[in-house]
Amino acid sequence: MFNWLADVELTKSIGIWIAAIGTLAIYSVLYKENPAYRLAEHIFIGAAAGYGIYVTWAELLKPNWWDRIVLGQWYWVFALVAGAMFYFIYSQKYVWISRIIFGTLLGLIAGLAFKGFAGINIDRIHASFKPIYGHGMTISQVANNILFIIVLLAVMAYFFFSFEHRTPARRIPSSMGRWFLMFAFGAMFGSTVMARMSLLIGRMYFLLHDWLHVAH
Amino acid sequence: MNFFERLQHIDRRIMYLLLALVISAPLIWTIHQPVTVSPAVKKAYKTVEDMPADKMAVIVIYWGSGTMAETGPQTSALIRHLFKLNKKFAIVAFDPQGSKFAYDSAITIGDELHKKYGVDWVHWGYKPPANLLPLLQSFPRDVVKAMVADINGTPLAEVPAMKGIKTIRDIGLIADVTSVGELDAWIAYIYGSYKTPIVYCPTAVIAPEGYNPLDAGQIKGMLPGLQGAAAYERLLHVEGFATVAMGPLSASHVLIIVLIIAGNIGYISARRRRGS
Amino acid sequence: MDHATLPVAVFLAILSLLILGKIFSARRGKSLYIRKIPGLSAIDEAVGRATEMGKPMMFSPGLDGLNLPTLQALSILKHITRIAAKYRTRMIVATAEPVVYTIAEEISKEAYTNEGVPEQFNAEDVRFLSGDQFAYASGCVGILNREKVAASFMFGYFYAESLILAETGHQVGAIQVAGTPAIVQIPFFITAADYTIIGDEFYAASAYLSREPTLLGSLVGQDYAKAVIVLTILAGVVTATLLGIHSGWEHSLNWLKWFTAPS
Amino acid sequence: MLKPDSPPFLWALGIVGDFLIVGGILFWVLNLIPGRFRKKFIVGLTFLAGLIYSVEFFIPADPKTHMNVMTPFTQQVGEALNVVYAFALGLGVFNLIKFHGTNLMRKRTGWHNNLAFFIAFFLMMGVGFWQYAAPSKMSVNAFNMFFISIVAALGASMFSTIGFFIISAAYRAFRIRSGEATLMLVAAFIVMLGQVPIGTFLTKGIPAEGWVSLFRLENVSYWILNQPNMAAQRGIYFGVEVGALAMALRTWLSLERGSFFEREL
């Protein structure tokens with residue numbers, strides 16, 4: 001009964017048809033929310049959840065937990081005990097036990113912050129030490145470095161919250177900062193268009209090439 | 001409301017339909033477009049060229065089918081370049097789909113350029129993303145021990161390509177092809193600690209984040225998205241999907257620009273009318 | 001950077017002490033000024049409109065698991081849900097991570113209880129949709145459309161799905177307030193949402209909304225910490241320039257490496 | 001005693017047994033803590049947990065191995081954390097099953113969608129474990145088919161809808177309404193044009209060499225991304241990171257009392 005599943009070519013073409021119909025169902029929401037989209041949405045969420053359980057077991061729990069216990073590291077049972085603490089959130093009387101695991105997680109996350117902060121920012125602070133003049137610097141380097149420092153400082157000025165921006169000396173840098181920000185956001189938007197269009201082209205290529213065989 | 005004023009209220013469905021049309025048409029009737037190469041891509045190309053021949057490059061695959069339209073061509077271009085230069089490379093994947101796709105495309109390009117799996121290149125297999133940070137700390141010290149086996153389950157110590165590759169010092173280049181943006185981890189653990197050159201191949205959307213490390217010298221070059229891949233294809237003198245996709249890509253950009261201009265014409269004429 | 005060098009450790013200590021110092025001085029009752037953040041003032045307006053229309057609201061705390069941005073998102077959720085409970089307006093919370101989902105449920109329940117309307121809380125309104133990025137997005141699109149959401153709040157760490165959520169929200173006519181520390185997603189919120197809070201206004205949000213001394217103090221402390229970064233950069237620029245004039249700019253870059261070395 | 005090659009169900013029994021014993025003892029011990037100390041206990045635990053990573057970061061490392069006394073321990077903690085998180089997945093799955101199950105049982109409007117949820121859920125989980133437990137041409141093929149045609153394809157389709165949304169968002173937002181909106185429009189315009197061949201074509205009259213080449217669209221676009229955009233982003237980043245650091249400090253020292261959980265313990 002299931003022998004056809006072993007046929008690579010057959011399953012491939014069935015897969016392409018399912019995928020193409022699913023793609024069209026998803027795109028249909030662009031016109032209007034409708035029963036086809038709703039069905040695709042529910043199937044998607046269901047399949048993703050089922051896949052998630054399988055992946056969590058196969059890639060995480062089996063190699064990193066089960067196999068370790070089987071090899072004699074019995075103390076990994078504590079991981080299950082810790083994981084079970086989450087579920088006390090549903091108990092009125094023992095809810096505080098779930099706070100133990102939440103509290104520990106919060107502590108761990110907080111502790112990572114120093115490393116996270118330094119790992120990203122120290123190099124960036126250092127890279128901001130740009131000379132605004134020096135031997136061997138070209139005019140464009142000088143101009144770019146001056147611009148860099150003005151933009152950086154103006155943007156940072158915008159994010160000072162506890163100063164009243166009343167006097168011009170305080171207002172001007174911060175409103176300049178806002179202008180630079182908007183300019184940068186425009187640039188980010190523009191550079192993202194390409195990425196999004198690339199994916200859409202990829203998907204259209206799937207429909208036109210893999211499914212309908214009309215594209216090259 | 002006259003024609004011009006109506007331009008500021010175009011129904012989104014009409015715009016969506018137009019977009020679908022301008023993308024499909026150039027895919028069906030291919031249009032060739034000239035491609036320019038940005039300095040970031042040139043730097044990346046040069047970094048790959050300059051990698052010492054006795055070292056191994058590592059191509060990191062951290063993308064799935066969702067972004068394959070961008071990351072697939074980037075990966076293929078890098079693979080082709082390394083093959084042409086007769087330089088060894090390893091693929092390591094943090095996404096199961098990407099892992100399979102990168103393997104298939106390296107086999108296809110390898111067949112074309114007469115390169116052999118296991119000798120000229122190796123695939124270290126798929127590693128769960130949760131293992132990324134532990135791996136970044138362990139593999140620089142002992143590559144074979146940390147990566148264990150190749151994609152077929154052969155122990156790495158028995159793979160000919162791995163001969164002489166022991167620590168991070170034997171790795172001359174990390175090419176991070178990613179849709180995830182885990183670059184910071186590579187910078188923190190690999191570049192920060194060992195100064196191994198990193199070439200960053202992000203999807204275009206996370207590419208703006210790459211300019212900061214590029215400026216700080218933490219990465220040595222970048223292929224931003226599909227356009228980066230097309231530029232790289234041009235440096236390599238090949239025509240892949242990236243080059244073909246430049247047509248629809250241009251067309252879709254033109255459409256956006258035309259629509260924005262139309263919207264502003266409508267806006268201005270409506271304002272004038274209210275003013276008069 | 002694997003481990004702190006001495007300059008880095010000193011630098012981090014200065015920043016941390018400034019923040020903590022301001023927190024404790026605020027707790028002792030020092031009054032503090034915070035400038036207006038327009039996007040956050042719009043939250044009341046959004047809740048008010050949903051109440052008038054008698055339609056529900058949606059909150060998305062982003063895609064990430066429990067980390068610092070998500071903690072901040074949850075603390076914003078707490079404030080908005082309280083307002084929602086006060087106005088007896090339904091708030092649907094769509095989460096993408098199991099642990100975040102449980103905390104969100106707890107927060108919602110407490111908000112309704114604190115406002116004296118525990119019976120208004122509906123456990124079905126706090127939902128775990130999917131851990132998969134786009135399955136989550138498709139679920140949010142479904143909710144926005146089917147529940148005829150009148151106000152949508154997006155606070156947390158977002159990725160590509162930001163525009164799907166925001167543009168769908170716009171199409172169903174919801175009034176939208178968004179904020180994220182994910183910088184590349186901010187432009188999409190700016191174009192599609194009605195109010196967007198930018199950058200570290202996100203971290204200022206809970207202080208702004210709650211006016212709790214601890215949070216206000218922290219916010220002022222953050223300003224001082226940022227001022228230290230600004231001064232450090234200025235000092236670096238001046239030193240680099242002086243060295244550059246004296247002995248060439250490339251040399252100046254090398255000399256300044258003491259700040260990060262030894263790596 | 002169980003051996004590594006003992007049948008998995010015996011191991012499962014053993015693990016559950018261990019779990020009940022260890023968990024039971026822990027539960028008993030925890031309940032010995034008097035109510036009024038519980039909060040202090042959790043605050044202490046949060047502080048201790050925060051020490052793990054921060055102490056590891058601040059202790060100088062051996063320059064050769066890049067490690068210190070704490071490093072192996074933090075690596076272990078990281079791995080354990082992943083496992084503990086994985087067990088939390090059940091919380092989400094319960095919610096999904098409860099939500100869709102209730103709709104299905106009560107035959108609420110659209111219940112067939114909830115049924116489709118369950119079919120897809122069990123199908124995908126089923127083929128996943130099938131190809132995992134008994135890899136064969138058939139099972140692997142079945143898994144690939146369903147994964148690629150449902151999870152991957154619907155994900156890619158949903159992802160690509162952004163291409164459509166970006167058009168309508170840009171059309172609506174990029175109007176010369178205010179100075180800010182105009183600035184955004186100008187930057188987006190230049191960068192969009194500079195990234196595609198058509199932009200290159202527009203300014204191909206400008207020489208490719210010498211300083212005038214800077215005015216070619218692709219170079220202007222690159223310059224915008226690489227200079228003002230980079231500087232602005234760095235400025236935002238510093239603020240965001242300081243905000244995160246402050247959040248971490250408040251969390252670590254439990255200063256934000258009752259921020260997430262107000263219910264008394």
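This is a friendly dialogue about how to read some features of a predicted model.

Reader: Let's start with chain C. How many helices and strands does chain C have?

Author: Happy to begin there. Chain C comes to 10 helices and 6 strands. Its C-alpha trace spans about 70 × 45 × 30 Å along the principal axes.

Reader: And what percentage of the residues in chain C are buried?

Author: Of the 263 residues in chain C, 63% are buried. You can also look at how contacts are spread along the sequence. Taking contacts in chain C between residues at least 6 apart in sequence, 71% join residues at least 24 apart.

Reader: Now the sheet. What holds the strands of a sheet together, in general?

Author: Strands of a sheet pair through backbone hydrogen bonds, and the pairing can be parallel or antiparallel. In chain C, 6 strands make an open sheet with parallel pairing, in the order β3-β2-β1-β4-β5-β6.

Reader: Which are the edge strands of that sheet?

Author: They are β3 (126–128) and β6 (195–197) of chain C, each of which pairs on one side only. Ignoring direction, neighbouring strands of this sheet are turned by 15° against each other on average.

Reader: Could we zoom in on β1(C)? Which strands does β1(C) pair with?

Author: Two partners are worth tracing. Strand β1 (residues 57–62) of chain C pairs in the parallel sense with strand β2 (residues 91–95) of chain C over 3 bridges. With β4(C), β1(C) runs parallel too, and 5 bridges join them.

Reader: Which residues could I pick out in the viewer to find those pairings?

Author: For the β2(C) side, find Phe59(C), which stands opposite Val93(C). For the β4(C) side, find Met58(C), which stands opposite Ser152(C). As a general guide while you look, side chains in a regular strand alternate between the two faces of the sheet.

Reader: Why is β1(C) described as largely enclosed?

Author: The reasoning is a simple count: 6 of the 6 residues of β1(C) are buried, so the strand is largely enclosed by the rest of the structure.

Reader: How does the chain get from β1(C) to β2(C), and what is the handedness of that unit?

Author: Follow helix α3 (residues 68–86) of chain C. Together, β1(C), α3(C) and β2(C) make a right-handed β-α-β unit. While you are in this region, find helix α5 (residues 133–146) of chain C as well: α5(C) lies across β1, β2 and β4 (151–157) of chain C and runs at about 170° to β2(C).

Reader: Let's move to chain B. What is its secondary structure?

Author: Chain B comes to 11 helices and 6 strands. Along the principal axes, the C-alpha trace of chain B spans about 80 × 40 × 30 Å. Of its 276 residues, 55% count as buried. For contacts in chain B between residues at least 6 apart in sequence, 74% join residues at least 24 apart.

Reader: Where are the domains of chain B?

Author: The division gives domain 1 (3–30 + 247–275) and domain 2 (39–239). Their C-alpha centres lie 39 Å apart.

Reader: Which strand of chain B would make a good worked example?

Author: Try strand β3 (residues 121–126) of chain B. Here 5 of the 6 residues are buried, so β3(B) is largely enclosed by the rest of the structure. Strand β2 (residues 89–93) of chain B runs parallel to β3(B), and 4 bridges join the two. One residue pair to highlight is Ala90(B) with its bridge partner in β3(B), Val122(B). From β2(B) the chain crosses through helix α5 (residues 96–112) of chain B to β3(B), a right-handed β-α-β crossover.

Reader: Finally, the interfaces. How many residues does each chain give to the contact of chain A with chain C?

Author: Chain A gives 45 residues and chain C gives 54 residues. On the side of chain A that touches chain C, α4(A) gives the most, with 11 residues. By class, that side of chain A has 30 nonpolar, 9 polar and 6 charged residues.

Reader: And how many residues come from each of chains D and A where they meet?

Author: That contact takes 105 residues from chain D and 98 residues from chain A. On the side of chain D that touches chain A, the largest share comes from α5(D), with 22 residues. The residues on that side of chain D divide into 76 nonpolar, 22 polar and 7 charged.

Key. Residues are numbered from 1 along each chain as its sequence is written. Chains are lettered from A and ligands numbered from 1 in the order in which they are written. A residue is buried if 20 or more other C-beta atoms lie within 10 Å of its own, exposed if 12 or fewer, and partly exposed in between; C-beta atoms are placed from the backbone. Two residues are in contact if their C-beta atoms, placed from the backbone, lie within 7 Å. Ala, Val, Leu, Ile, Met, Phe, Trp, Tyr, Cys and Pro count as nonpolar, Asp, Glu, Lys and Arg as charged, and the others, Gly among them, as polar. Two strands pair if DSSP finds at least two bridges between them. A crossover is right-handed if, with the strands pointing away from the viewer, the path from the first strand over the helix to the second runs clockwise. Domain bounds come from an automatic or database domain assignment. Axes are lines fitted to C-alpha atoms, for helices over the stretch in contact, and angles run from 0 to 180 degrees between N-to-C directions.
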